[in-house]
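Trainee: Could you take me through one part of this structure closely, and then set it in its surroundings? Please keep it brisk.

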Amino acid sequence: MGTGLFGKNSGGIKVPHRKMSDKKMIEGASLPKVVTVPMGQHLGAPAKPLVKKGDVVKTGQLIAEPGGFISANIHAPISGTVKKLVIMLNVVTSKPMEAIVIESDGRDEWSLMPKMDDWRSRPKEEVLQRIKGAGIVGLGGATFPTHVKLSPPPGKKIDTIIINGCECEPYITSDHRVMMEYGEKVIKAIPILQWLLDCNNVFFAIEKNKPDAIQHITDLIAKHGVKGVRVASMKTKYPMGAEKTLTKSLLGREVPMGSLPLDVGVVVQNVSTVIAIHDAIYDGKALVERVVTVTGNVKVPKNLMARFGTPAVELVESCGGVVGDADEIIFGGPMMGISQPNLNSPTTKGTNCILVKKAPDVEERDCFRCSSCIDACPMNLMPTMYVLLAKKSRWEDCETLYYVNNCVECGSCAYVCPAKIPLVQYIKTAKLEYRKLGVKK
Amino acid sequence: MNATDDSQQPEKRLFRVMSGPHLRSPRSIDKAMFMVILMLMLPAIGAIYYFGIYVLFIILTAILSAVITEYVAKRLRKRKFYFDGSAVLTGLLLAMVLPPRVPLWMVVIGAAFSIAIVKEAFGGLGHNIFNPALAGRAFLTVSFTGLMTRWVLPITTGNDAVAGASPLSGSFVWEGPTQELYRALLFGNVGGSLGETSALLILIGGLILLIIGIINWRIPVFYIGTVFLFTWLLPGQDPVFHILAGGLFLGAFFMATDYVTVPLTNTGKMIFAASCGFLTVAIRVYGGMPEGVAFSILIMNGFTPLIDRYTVPKPLGYMKPKPKEKEKKSKDAPEKGDTA
């Protein structure tokens with residue numbers, strides 16, 4: 001299928017918005033009685049627990065340290081007693097990992113770090129250490145440790161910072177509400193990024209389907225007189241919020257295969273991440289909570305400020321519970337989110353949304369080569385080829401001929417596919433099998 | 001898959017676990033097929049108007065034979081039969097490339113060949129190499145050449161079933177101003193296959209398919225464009241006549257745009273369409289047959305896997321793999337020269 005005479009053919013797709021909660025003020029979720037804090041809440045190695053059964057912890061106290069270079073600190077989301085350490089499956093990767101179960105004492109006593117209002121007069125290393133110490137990771141969903149992103153290797157000059165407020169996935173409104181209600185914090189934290197990266201040039205990217213946020217942020221920039229920051233209203237297209245797509249659309253720069261935006265002088269930070277940086281520097285707060293959009297088949301869709309480790313059931317219940325014939329619980333958006341087997345799954349740093357919905361009832365048919373997936377792919381790949389090659393177990397060809405590792409798994413191809421082929425599933429398998437080949441060699 | 005627990009223990013409910021995306025577009029194979037069939041109705045109704053009610057029987061026979069053949073073939077292959085419209089479309093397309101007075105038994109044979117041999121024997125929808133309708137017509141042409149080239153003039157010209165040459169054949173003579181000829185070709189008041197007559201009706205249907213995004217504009221534009229350009233460059237050829245006459249519009253909008261048998265990428269589609277245009281003119285002007293659309297598309301269908309292989313797009317941020325290896329090669333080159 002072509003894209004029609006009037007549709008520009010440069011990848012990306014139109015998806016329904018379904019932002020049911022974009023006018024709902026952020027509410028504080030009631031404190032959970034028990035939290036299950038997974039050690040794998042970020043990209044990279046799982047964290048190592050520093051506490052044992054019976055330890056008394058305060059909110060914001062460090063309970064796990066990084067398990068590698070790409071890893072992050074984890075802090076107690078509530079005050080109370082460590083009940084046990086358990087093994088559970090990672091909500092995103094489904095690999096077994098440790099988790100710390102903390103029973104609340106109901107007091108929510110905080111352990112704060114000293115404030116750093118005077119960050120400008122401190123060494124950069126100290127400020128970076130604070131961001132690392134607060135356990136901050138990319139809150140847009142990818143959960144890449146933020147301090148790594150903010151310390152470009154020597155010789156790499158950053159000339160553009162992009163604040164990512166695109167939020168291109170349907171249903172999710174957490175970043176939108178954060179911009180509307182905590183916009184000042186973002187604006188206050190931008191100078192920290194400018195100073196850290198030695199780069200004054202900042203774009204605040206927001207998709208055009210959020211005109212109120214575009215207006216609000218434009219006003220705030222003028223009000224606070226932050227220099228070098230411009231609002232960029234982006235075309236509403238999925239996956240605009242993906243780093244590489246955003247860098248290409250905004251600056252026309254292509255991030256080289258297997259590299260990060262860093263390599264073309266760009267650092268992209270999600271708005272919620274910037275809030276976390278603000279809280280860590282100005283308030284001395286470690287990252288223990290985030291805004292979670294609870295939406296879809298719930299009675300009242302809401303944006304909830306929830307502590308990490310809160311079981312999904314508590315958040316869903318505070319929205320009036322599951323309604324209708326929903327049979328799927330998704331952490332994240334409908335395009336890239338991960339479905340959960342039950343409502344016990346605890347929220348993590350990357351959980352920007354809990355979506356309750358009826359799973360699409362589709363039957364996979366044979367590909368009839370309409371090339372819709374090729375037109376939709378934002379990375380300019382040929383998704384249908386992976387299905388063909390996977391059926392013949394030709395894993396090596398997936399990469400050497402068709403570059404499967406460049407896929408960002410945005411799901412655009414599977415969304416548009418008229419034969420309802422679960423292309424992302426084939427692609428994940430192909431990547432995994434290709435990696436195994438490398439291990440064998 | 002909801003477990004039916006009582007509501008007091010909601011956390012024990014089980015939910016479906018599936019790979020994303022958890023949202024799918026409303027598009028489907030059936031809908032795409034239906035739209036193409038709908039747009040083909042225009043020239044089909046036109047053909048009934050020009051050549052009489054017998055044409056309706058040709059169309060119905062072709063569709064029915066195609067669907068029944070597909071059903072039987074699926075049963076024999078122990079595969080699930082989907083009424084996805086692809087067999088209906090193949091039948092309809094086959095009818096459109098048959099002469100207006102073709103015997104119905106030939107229609108049955110043609111449709112059965114298209115579906116059973118060209119499509120199902122290769123694995124069904126999505127796996128066939130050649131366009132089933134065109135291959136069916138080619139099969140009938142070589143098997144029953146006489147009956148397949150028996151053209152009649154449209155009844156709207158005032159002649160009922162009077163033999164008359166199709167415009168591209170050597171015996172075709174037009175007496176009158178060229179403008180009148182163009183008008184006849186555009187509206188379909190000429191001899192030819194059912195779908196070869198009215199360029200205008202095909203154009204309308206084709207443009208609608210372009211606009212709603214069912215077919216890719218590159219194919220008709222490059223196909224028709226190449227035919228126009230090539231005949232314009234050749235001495236003694238009339239480019240306007242060449243694009244309006246014969247099955248070019250039907251081929252460019254409905255045959256060369258068949259998803260299954262044409263290249264996947266945009267670059268591939270342009271190469272495919274331009275080659276079709278080139279071959280069409282070559283066959284028409286230098287070949288032994290009056291019309292070249294069907295065979296040019298069939299020939300290019302055979303090249304589709306090759307074109308696909310060589311038009312893989314470069315991914316975003318593409319970098320040449322291992323420049324070191326390339327350096328080695330350039331170092332190797334003079335060495336080889338030395339030994340030789």
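Mentor: The part I pick is the six-stranded sheet of chain A, followed by its chain and then its partner chain. Keep in mind that this is a predicted model.

Start with the strand order. The sheet is open and runs β1-β14-β13-β17-β15-β16 in chain A. Its pairing is mixed. Now look at the two ends. β1 (26-28) and β16 (338-340) of chain A are the edge strands. Each has a single partner strand, so one side of each has no neighbour in the sheet. From one strand to the next, the twist averages 30°.

Zoom in on one pair. Strand β15 of chain A covers residues 328-331, and strand β17 of chain A covers residues 353-357. They run antiparallel and are joined by four bridges. Within this pair, A:I329 sits opposite A:V356 of β17(A).

Next, the helix on the sheet. Helix α3 of chain A, residues 174-197, packs there. It touches β1, β13 (289-296), β14 (302-307) and β17 of chain A. The direction of this helix makes about 125° with that of β13(A).

How is chain A divided into domains? The assignment gives domain 1 as 27-112 + 288-357, domain 2 as 119-283 and domain 3 as 372-440. Domain 1 is therefore written as two segments of chain A, by the bounds in that assignment. The C-alpha centres of domain 1 and domain 3 of chain A are 31 Å apart.

Chain A has further strand pairs to inspect. Strand β3 (residues 48-49) of chain A pairs with strand β5 (residues 62-65) of chain A, antiparallel, over two bridges. There A:K48 has A:E65 of β5(A) as its bridge partner. β5(A) also pairs with strand β6 (residues 74-75) of chain A, again antiparallel and over two bridges. In that pairing, A:L62 stands opposite A:H75 of β6(A).

Step back to the whole chain. Chain A holds 12 helices and 17 strands. Its radius of gyration is 22 Å, close to the 22 Å from the globule rule for 441 residues, so chain A is as compact as a globular protein of that length. Along the principal axes, its C-alpha atoms fill a box of roughly 60 × 50 × 45 Å. Buried residues account for 55% of the 441 residues in chain A. Of the contacts in chain A between residues at least 6 apart in sequence, 71% join residues at least 24 apart.

Now the partner. Chain B has 14 helices and zero strands. Of the 340 residues in chain B, 49% are buried. Among contacts in chain B with a separation of 6 or more, 73% come from residues 24 or more positions apart.

One helix of chain B deserves a look. Helix α3 of chain B, residues 86-96, has 11 of its 11 residues buried, so the rest of the structure largely encloses it. Those buried residues include B:S86, B:T90 and B:M96. They pack against α1, α2 (54-76), α4 (104-119), α5 (132-143) and α11 (248-255) of chain B.

Finish at the interface. There, 46 residues of chain B are in contact with 61 residues of chain A. On the chain B side, α1 (29-51) and α8 (199-211) each supply at least two residues. That side of chain B divides into 27 nonpolar, 12 polar and seven charged residues.

Technical notes. Residues are numbered from 1 along each chain as its sequence is written. Chains are lettered from A and ligands numbered from 1 in the order in which they are written. This is a predicted model: local features need pLDDT of at least 70, side-chain atom pairs count only at pLDDT 80 or more; totals for chains, interfaces and linings use all residues. Two strands pair if DSSP finds at least two bridges between them. Axes are lines fitted to C-alpha atoms, for helices over the stretch in contact, and angles run from 0 to 180 degrees between N-to-C directions. Two residues are in contact if their C-beta atoms, placed from the backbone, lie within 7 Å. Ala, Val, Leu, Ile, Met, Phe, Trp, Tyr, Cys and Pro count as nonpolar, Asp, Glu, Lys and Arg as charged, and the others, Gly among them, as polar. A residue is buried if 20 or more other C-beta atoms lie within 10 Å of its own, exposed if 12 or fewer, and partly exposed in between; C-beta atoms are placed from the backbone. The radius of gyration is taken over C-alpha atoms; the globule rule is 2.2 Å times the number of residues to the power 0.38.
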